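Thanks for making time. I have one structure for you today, and I will go through it piece by piece.

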Amino acid sequence: MNPITHAQLDWDDQGRPHSRVFDDVYFSDQSGLEETRYVFLEQNRLQVRFAALPADGRLVIGETGFGTGLNFLCAWQLFEQHAVAGARLHFVSVEKYPLSHADLQRALALWPELAPFADQLLAQYIAIHPGFQRLVLDNGRVTLTLLIGDALEQLPQLDAQVDAWFLDGFAPAKNPDMWTAELFAELARLAAPGSTISTFTSTGWVRRLINAAGFKMKRTPGIGHKWEILRGEFLGWPEQTPAPPATKPWFARPAPLAGERHAMVIGGGLAGCATAASLAARGWRVSLLERHAELAQEASGNPQGVLYLKLSAHGTALSQLILSGFGHTRRLLEQLHRGVDWDGCGVLQLAFDAKEAQRQTQLVAAFAPGLLHLLDRDQAQQHAGIALEHGGLFFPEGGWVHPPALCQWQAAHPLITVHPHHHAIELQHVDNQWQARDGSTLLACASVVVLAGAADIKHFADSADLPLKRIRGQITRLAQTPASAALATVVCAEGYVAPARLGEHTLGASFDFKSDDLTPTAAEHAGNLEMLREISADLLQRLGAETLLPEQLDGRAAFRCTSPDYLPIVGPLAQREAFDLAYGALRKDARQVPLTPCPWLPGLYINSGHGSRGLITAPLCAELLAAWLENEPLPLPRSVAQACHPNRFALRDLIRGPAAKA
């Protein structure tokens, strides 16, 4: 992975930004607003198209070159003026050199009439790191997905159908990489039938290359000092050009369900509440079934969870998911009460042995300092406020979260009805409706059901084959002392300790692969205290923990739920026997792609297997699941979404044989 590089700007005497790298302006020095509205909004007929959207409709705009976000804000303003309530705007934009927050704020201050929209963007323009970064704006009515990185690395991973394209890279003479046949082929691959396209340039070779990709471009009068510009429509993939490979049927999108948009979500923890919130934001009525008296009573009920990124320097699917999920969760937390519901105090991962120190050195070379950077021992002690034996890796945007607060905030949407004491133990599909039952009692029914109850989803017949396992973890709660109040950041080694929340520190968490008993044990409290000693003997002393008896300590135990590859399981579920029958040819030749449509279980979806990373992965995976259901742009690279897909296990079993289940 390549570290993010912010745009390097100079500012003219009018306060307008100029790119040093491309020696070009971000917008017209005469009237950036008028040019944006004429070139991109008018040429794509967006006013009429926004006004024509039905209450549950949406329009997807794609853009090459996010820049200052001016095009996005103008499109959002027009959408707000003309689209009916309930309609939604998706805006997907690729940007290799994103502006820093300070530079974006300075640039957008030039347009006071856009301030209501710019202020919302700036409030969510946090933790913008490489890869796919999703920003949810206007209570979910507007979704911005930024693809941070090189356009020809990011766009091939986008799974979307784009209704209108804005080509707004720097001028072809300044930035030819943004005006290539390869890039235009990606625009064509992503174009919805009848997709429109426009750009400020009228350069002949650009027009010819776009035409060759399947668009029909024509010159039209320009604005200001631009004599002509280009606009066009997508006619279809060129016959003489090999078609892009089709999505394999087991990863293809199920056909949209007709009828009432009502979903039943089973499980009221982080995954279930996030799923309910993502669906409700899209106008779905959601019945959230929770077997306990309140939400977030199991693993999501810990008093403090850590917003910590365990990354790889090699850009694995898990690492990409974590980086995108971290940004999404970090932006969501801005809605909560800082200091009680969460705190962005940073996270320090100690270099407690040679192997960890080597891993940290690799990560520092792969990511930008705004995400993580090394601290020597003295610097680490200054950040943490306590004595430490080691330096380590500091994540300045990390911190701790009170998971129940996040769950309760997400479930508070008016379209969500929480049903406590509803213990669904059986699912039946009757007359195109899923029925959740507790024995002979019908609890709820809906056309769509999402199983979000961690490993308990294995109790349902259709999901029993999913290879989920439970891992018991126990945390210890320690009362804050005047001396322990100095702890200023989360500190991790094999375990973690967090600054106090409401007068209490959280310490943990143990790992027990064998026990099914959730009664807290003195032995694991003792183990947590030993983890604390390894983190900081000074903090152990400040807490007076050396004299505490483990059997007198308070804490709680819960089960993490994880999969064999440590990726969550998110997406639509297929009928397993029919799947094996449809794709049995893969047993003999894994390169075959049978054309048989996937035998989906209509309306049955999974969001589970988040392990100890649920705070980071569950909210974004809820957006992924909603995108599957709504046929929207996916919020993650296609390869990552497929790596999280429930069908991956059935596919591996066919290709590798039953031994792959072990």
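The stretch from 264 to 628 is 27% helix and 27% strand, and its end C-alpha atoms lie 16 Å apart. This is a predicted model, so please hear everything that follows in that light. For those residues, 264-628, UniProt lists "domain: FAD dependent oxidoreductase", in an unreviewed entry. The same kind of record, also unreviewed, gives "domain: MnmC-like methyltransferase" for residues 112-232. Over 112-232 the chain is 27% helix and 34% strand, with 32 Å between the end C-alpha atoms.

The domain assignment cuts the chain in its own way. Domain 1 covers 9-234; domain 2 is put together from 259-297, 405-468 and 565-656; domain 3 takes 347-396 and 469-562. How far apart are the centres of domain 2 and domain 3? Over C-alpha atoms, 32 Å separate them. Where these two meet, eleven residues of domain 2 are in contact with six residues of domain 3.

Now the sheet. Six strands make an open sheet with mixed pairing, and the order is S20-S13-S12-S24-S31-S30. Which strands stand at the edges? They are S20, residues 416-419, and S30, residues 569-574; each has a single partner strand, so one side of each has no neighbour in the sheet. From one strand to the next, the twist averages 20°.

Take one pair from that sheet. S12, residues 262-266, and S24, residues 448-451, run parallel and are joined by four bridges. Methionine 264 has valine 449 in S24 as its bridge partner.

Helices pack on this sheet too. H9, residues 270-280, touches S12, S13, S20, S24 and S31, and its direction makes about 170° with that of S13. H17, residues 614-630, lies across S24, S30 and S31, and runs at about 170° to S31.

Last, a helix pair from earlier in the chain. Two packed helices are described by the angle between their axes and the distance between the axes. For H4, residues 101-108, and H5, residues 115-124, the angle is about 180° and the axes are 11 Å apart. Angles over 145 degrees count as roughly antiparallel, which is why H4 is described as roughly antiparallel to H5. On the H4 side the contact is made by His101, Leu104, Gln105 and Leu108, and on the H5 side by Ala118, Leu121 and Leu122. By class, that contact of H4 with H5 has five nonpolar residues, two polar and no charged ones.

That is where I will stop.

Terms used. Residues numbered from 1 in each chain as written. Predicted model: local features only at pLDDT ≥ 70, side-chain atom pairs only at ≥ 80, totals over all residues. Heavy atoms only, no water. UniProt positions renumbered as here; feature names shortened; annotations may be inferred. Helix = DSSP H or I, 4+ residues; strand = E, 2+ residues; numbered from the N terminus. Axes fitted to C-alpha atoms, helices over the stretch in contact; angles between N-to-C directions. Parallel < 35°, antiparallel > 145°, perpendicular 65-115°, else oblique. Contact = heavy atoms within 4.5 Å. Nonpolar A, V, L, I, M, F, W, Y, C, P; charged D, E, K, R; others polar. Pairing = 2+ DSSP bridges. Domains from an automatic or database assignment.
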